[in-house]
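Please open the model in your viewer and keep the sequence panel beside it. This tour suggests what to select at each stop and then says what is there.

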Amino acid sequence: MGGGKTDVWQGTLALMVLKTLQTMGAMHGYGIARRIEQTSGDRLAVNYGTLYPALLKLEQEGYIQSEWGVSDNNRKAKFYKLTRAGRKQVERETREWEKTTAILARFLSPEGQP
Amino acid sequence: MRWLRVCIIRIGGLVGKRWRDGELSAELATHLQMHIEDNVRAGMSVEEARRQALLKLGGMEQTKEACRDRRSLPWLESLLQDVRFGLRMLRKNPGFTAVVVLTLALGIGANTAIFSVVSKVLIDPMPYPNADRIVMLKRMFPQGLPSYDSVSIPEFMVWRQQTRVFESTSLFDGGPVGMNVTGGNRPVQVAGIRASAGYFKVFGVSMVLGRAYTAEEDKPGGPHVAVVSYGLWRGRFGGDPHIIGRTIEVGGSAYEVIGVTKFVTRFPTDIWLPLQADPNSNNQAHNYLDVALLRPGVTLAQARIAMKMAAEQFRRKFPGPFMMPGESATAQPFRDAVVGNARPALLILLGAVGFVLLLACANVANLLLARATVRKREIAIRSALGAGRKRVIRQLLTESLMLSFAGGILGLALGFTGIRVLLAQYPNTSGNGFDLPLIGSRGSAVTLDWRVLVFTVGVCLFTAVLFGLLPAIQASRTSLSQSLSEGGNRGGTHRSTVRSGLVVSEVAIAVILLAGAALLIRTLSALRALRPGFDPHNVLVMRMTFSGPQYDKSAGLAAAIQEAERRVGALPGVQSVALSCCIPLEENTDLPFSIQGRAPTMGPYNGDEQWRFISPEYFEVMRVPLLRGRAFTDQDVLSSEPVVVINEAMAKRYWPKGDAIGQRMSIGQGLGPEFTELPRRIVGIVGNTRESALGMAGGEIQPVMYVPAEQLGDPFMQWLRGTLSASWFVRTKTAPFAFSMPIQDALREATGGLPVAGVRSMDQVMAGTTAWSGFIETLLSTFAAIAVCLAAIGIYGLMAYSVEQRKQEIGIRMALGAQPKDVRRMILKEGGALAFVGIFAGVVAALALTRFMASLLYGVKPWDPAAFGSVVILLGAIAVIAAYVPARRAMRVDPMVALRHE
């Protein structure tokens, strides 16, 4: 998984999954992984070993739900979609994230500049 | 609350594992396929596409494992595994499991039951609103002499002036008096007391209807008012809402009901009448009890100082013989007064169950240690197969905890039933005349005590964990090759030292409990061997209160006695009938007397001894032998010469030269107008009888003087007016209860319709006085029996284990020419040494502890050699038997088999 790609940061993977599902609607695991990699401009590599446990956790927490469906190329696959709680969680997490980055930005920006 | 949802889902993940695994595999397989297809589309060869996809997926199995862990709770899963495995192990060793669980259950159950009673009687607050401020006021004597609860009216009048410490005080009858309540369809005798007005304030009794009587109504010549109990109101008066103001007849006089108390189970009393004591009374008879409510913030020490001052005031006000030199007064917490003799008894039982618990723990520890050694090999194999150290320890710990848990559950069940069994045996009184109100009717107030259950289960858990864990850690540390090659035995000398120590202490504890039990058994047989001086068999006894106008005069009582002799005596099966004021062993009255022609030695008197009024046939009914002179006859009436019969002890003490007959004495002269009488001539001397309880307090022979009931005198009858309580004694030809009903009917007819109460046989009275000793003896013997069993199991277990361990050694010895006999002797010696050390330590400890039992013993010293000797012999024999079984097994070791064993 070298090639200059960064492994997805554990804590942010959940938010990425939720956000992906929010924009794309119901998707299967492979699709989610692909989409995250694409969105990052292939700068991130999703470790599947962490993706599926993360999906399971989100489902246990009630943010997403899954059901079996048929994929574009007629393959039986498990589709995940956002629940109402999940939508709220995306908003909350996004706000938190923005706050954190804003603060960090202040630290990292050259002194004196707003 | 998200985490809770997650938790529940994960617990749910424990089931349907296979199905979920299948789902995950399918999902991952799809994932892989999609990836391969994408790769192919991007121009890779199928082979390469597959390789790349697998690479990216990063290990299918790890992913599955990660998901599995997240799906449910891994620790819970392995716990369940441990439990399943543990259950299998325990089921495979049913003997071991049963012994450990039963041992724990006995320890837990016995402790829970005993402590539940103890906490109710000795620790929990008493059921009065201001229980901690209630004190009993009593007379105190110079050191060495007991203090007395009984108080006189003049003492009460002086003491109650200490208002700086007392918020309220009350004087009341020293025990419920039978009161005849008539005015309904049938007269009944109910328990009533006459109490001064402070009573309801001191005990915090509130009324559901009406009010309590006031100090104004409590003055001499005050109105006839009564307070009745909730029970009497509901039962006898049908809960009449208009009862206040209604007139009821108590003891032949009309009383107006002014109050109904709230429902209370703590008083064995159904009716309260104002005492209406005369503040200027000169009656020094100690017939009452005196309680006080301390003001808030007043300490017991302050109250005692106040009582000391009050006693000195009394001495100044009544100079003369009424207080002994050095006599004073004191206050005692009400609980102590009520609990009385029950306290040492209960504490000793508590100590005994504590020892049982210790013994149980030692035994469990011993068994667990033995088992751990046996399982050393198993553990080594499991470690070799890849079980981590933590995992092994956790497995062993799970097993110990399961044992504790099972023991705890069974112990709880034992505790539940134990309490009921205990209370069924529990004597009704504390041995000092009080009812024990604290345990409620039939012990209903006693419930399983959760605090002690938690404590006891905690101790057992601790034992199981400690002695389950230590060997587990040790076993898991041993190197594999070593324990596998040495074959799982030998070694462990250190641990068998611990085990020997445990067995020794088990034996020692068993000795302590056995010694206690043996001393009580000796006490009981000493008590039962005591000759009461009368013949209690085939005597029926019942109480009667003489109320009604005809009993204001002596002649009325005399007529009733003669009528009863005629009617009851005519019944088939009845031999004789008599009346006496007091039931031997239970009731006592004493009066001072002076001997004519002798200088007074005690104030104006010559002494103060037991006093009884009896009807002529009393000595015949009770079969008390007449030693000299004559007994009373029907001719000894009020108009004839006043006479008295004394017992041998009285004759010996006051007329040591044997010249008592014909002497004259005045009894109670100067106590009040009710005791004004001519000197009595001593006409007879009878044998000694035991008058006070046979039980713990001793039951020494006391001097007694008997006067004819017909000679009581009219002032005396008027003084007691309606409360003269006495008991009928009827000797029957065969078992007395068969004649109970006709006798009661005949007595009712003979006395003008008076009811009787408390029908018992004299045998029952006798048994009642030893009830406490019997109660403790039964329990202590049970505990001792348990202790002996446990100690025997301990010795047996250790020796059997030792034989198993030394099979090889024994085989070699026998191969080298040792005889089976020698082998047996070797093992017996080993067991005997342990037992000897244990017995020795136990005897030393028991000698130190049994002196705390001294107050419960009678006729036997706390170091009684016979009791201790039999304990040593018994335990020694049991130890030999317990070691003999494994010794025989050792004898039969086949050297060839033993040597080839490895």
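Begin at Gly59(B), the residue with a positive phi, near 80°, that follows helix 3 of chain B. Helices (H or I, at least four residues) and strands (E, at least two) are DSSP runs, numbered from the N terminus. Before going further, note that this is a predicted model, in which local features need pLDDT of at least 70, side-chain atom pairs count only at pLDDT 80 or more, and totals for chains, interfaces and linings use all residues. Residues are numbered from 1 along each chain as its sequence is written, chains are lettered from A and ligands numbered from 1 in the order in which they are written, and side-chain values use heavy atoms, with hydrogens and water left out.

**Helix 3 of chain B**

Now select residues 46-57 of chain B, which are the twelve residues of helix 3; at 1.5 Å a residue they should span 16 Å, and the end C-alpha atoms are indeed 16 Å apart, which agrees. The expected span here is 1.5 Å times one less than the number of residues in the helix. Within this helix, color Ala49(B), Ala53(B), Lys56(B) and Leu57(B), which are buried, where buried means under 20% relative accessible area, exposed over 50% and partly exposed in between (1.4 Å probe, protein chains only). These buried residues cover an arc of only 95° around the axis, which puts them on the same side of helix 3 of chain B; the arc is that of the directions from the helix axis to the C-beta atoms. An α-helix has 3.6 residues a turn, so residues three or four places apart point the same way.

Turn to the face directed away from the buried side, and you will find the exposed residues Glu47(B) and Leu55(B). What covers the buried residues comes from both chains, and includes helix 2 (29-39) and helix 3 (48-61) of chain A, together with helix 2 (17-41) and helix 4 (60-71) of chain B.

**The sheet of chain A**

Select chain A next, which has four helices and five strands, running from the N terminus on as β-α-β-α-β-α-β-β-α. Of the 114 residues in this chain, 40% are buried. Three of the strands form an open, antiparallel sheet in the order 2-5-4, with strand 2 (27-28) and strand 4 (64-70) of chain A at the edges, since each pairs on one side only. Two strands pair if DSSP finds at least two bridges between them, and strand 2 and strand 5 (residues 76-82) of chain A are joined in the antiparallel sense over two bridges. To see one of the matched positions, label His28(A) and its bridge partner in strand 5 of chain A, Phe79(A). Helix 2 of chain B packs on this sheet and touches strand 2, strand 4 and strand 5 of chain A, its direction making about 100° with that of strand 5. Axes are lines fitted to C-alpha atoms, for helices over the stretch in contact, and angles run from 0 to 180 degrees between N-to-C directions.

**Strands 7 and 8 of chain B**

Move to residues 247-250 of chain B, strand 7, whose covered face holds Ile248(B) and Val250(B) and whose uncovered face holds Thr247(B) and Glu249(B). Four bridges join this strand to strand 8 (residues 253-261) of chain B, and the two run antiparallel; Thr247(B) stands opposite Glu256(B).

Which residue should you select in strand 8 of chain B? Choose Ile258(B), which counts as buried at 6% relative accessibility. Its contacts (heavy atoms within 4.5 Å) include Leu209(B), Tyr213(B), Val225(B) and Ile244(B). The C-alpha atoms of Ile258(B) and Ala226(B) are separated by 6.0 Å, although the residues are 32 apart along the chain.

**Helix 23 of chain B**

Select residues 762-769 of chain B, helix 23, where Met762(B), Val765(B), Met766(B) and Thr769(B) are buried. They cover an arc of only 100° around the axis, which puts them on the same side of the helix. They pack against elements of chain B including strand 12 (539-546), strand 22 (756-761) and helix 24 (771-805).

**Confidence**

Finally, color by pLDDT, the predictor's confidence in each residue, from 0 to 100. Chain B averages 83, and 90% of the residues score at least 70, but pLDDT stays under 50 over residues 429-437 of chain B and over residues 487-492 of chain B.
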